[in-house]
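The following note is addressed to a colleague meeting this structure for the first time. Please read the numbered points with the structure in view.

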Amino acid sequence: MELSKYGHAAVALVRDGRRLVVDAGGMTEDAALVGAHAALVTHEHFDHFDGQKLRAALAADPEFEVWTNAAVATQLEDAGPRVHIVGAGDEFTAAGFTVRVFGEWHAEVHQDIPRVGNVGFLIDGSVFHPGDAFTVPDEPVSTLLLPVHGPWSRVGQLVDWVREVEPNRCFAVHDGALNDVGLAMVDRLLGEHGPSGTALTHLRPGEHIEL
């Protein structure tokens, strides 16, 4: 399986010629969805969900499908039956990958800001994209896509969460608001030389790696 990083929170997984994209939002390059067979969307915030991009992908390929929560699906209801609503406990196949769904809510930003729905996706029992949440799957995670920066988290919370999930390795996502100094800080604090002791790799947009 090949993992490619795209802008901010988006990644693409490719295996046997099949391409699955997660969270290609408004801070993601259009190239992320080129050639994709399916997309997963964790929640409705603009940095994870871009309706225009997904409608273009649906129009370009009559076999392209989307799996997401009810709030996002409502915004794509004009796209028809190729947009699927999923929730915690569901399992399905997308672009040839087996996907299990975990979690229900976005992490709290502030008590005065309403929380939105958020689902995390465990792909092929190996790669977990949590969206914006501290969800802990009830099965082992080999590769954790770690949201390293956001208004809903602090480094200490992320360290404790990584310890609880116990992945073999992490890849940084949710980093679009950081400059090079910020990226270096979170890489040091959240990587194997920090309190979690877990290897963290930071891929630049467009970079890929074999898992």
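1. In strand 4, Ala39 is the bridge partner of Val21. Strand 3 (residues 18-22) and strand 4 (residues 38-41) run parallel and are joined by three bridges. Helices (H or I, at least four residues) and strands (E, at least two) are DSSP runs, numbered from the N terminus; two strands pair if DSSP finds at least two bridges between them.

2. The model is predicted: local features need pLDDT of at least 70 and side-chain atom pairs count only at pLDDT 80 or more, while totals for chains, interfaces and linings use all residues. Residues are numbered from 1 along each chain as its sequence is written, and side-chain values use heavy atoms, with hydrogens and water left out.

3. Strands 3 and 4 belong to an open sheet of seven strands with mixed pairing, in the order 6-5-4-3-2-1-14. At its edges are strand 6 (83-85) and strand 14 (208-210), each of which pairs on one side only. The twist from one strand to the next averages 20°; axes are lines fitted to C-alpha atoms, for helices over the stretch in contact, and angles run from 0 to 180 degrees between N-to-C directions.

4. Another open sheet has seven strands in the order 7-8-9-10-11-12-13, again with mixed pairing. Strand 7 (91-94) and strand 13 (199-201) each have a single partner strand, so one side of each lacks a neighbour in the sheet. Neighbouring strands here are turned by 30° against each other on average, direction ignored.

5. Strand 12 (residues 169-173) runs parallel to strand 13, and three bridges join them. Within this pair, Arg169 stands opposite Ala199. Helix 3 (residues 155-165) packs on the sheet and touches strand 10 (127-129), strand 11 (143-147) and strand 12; its direction makes about 165° with that of strand 11.

6. Is Thr198 buried or exposed? Thr198, in the loop between helix 4 and strand 13, is buried, with a relative accessible area of 10%. Buried means under 20% relative accessible area, exposed over 50%, and partly exposed in between (1.4 Å probe, protein chains only). Leaving aside neighbours within four places in sequence, Thr198 is in contact (heavy atoms within 4.5 Å) with residues including Val162, Arg169, Cys170 and Leu190.

7. Val155 is found in helix 3 and is partly exposed, with a relative accessible area of 31%.
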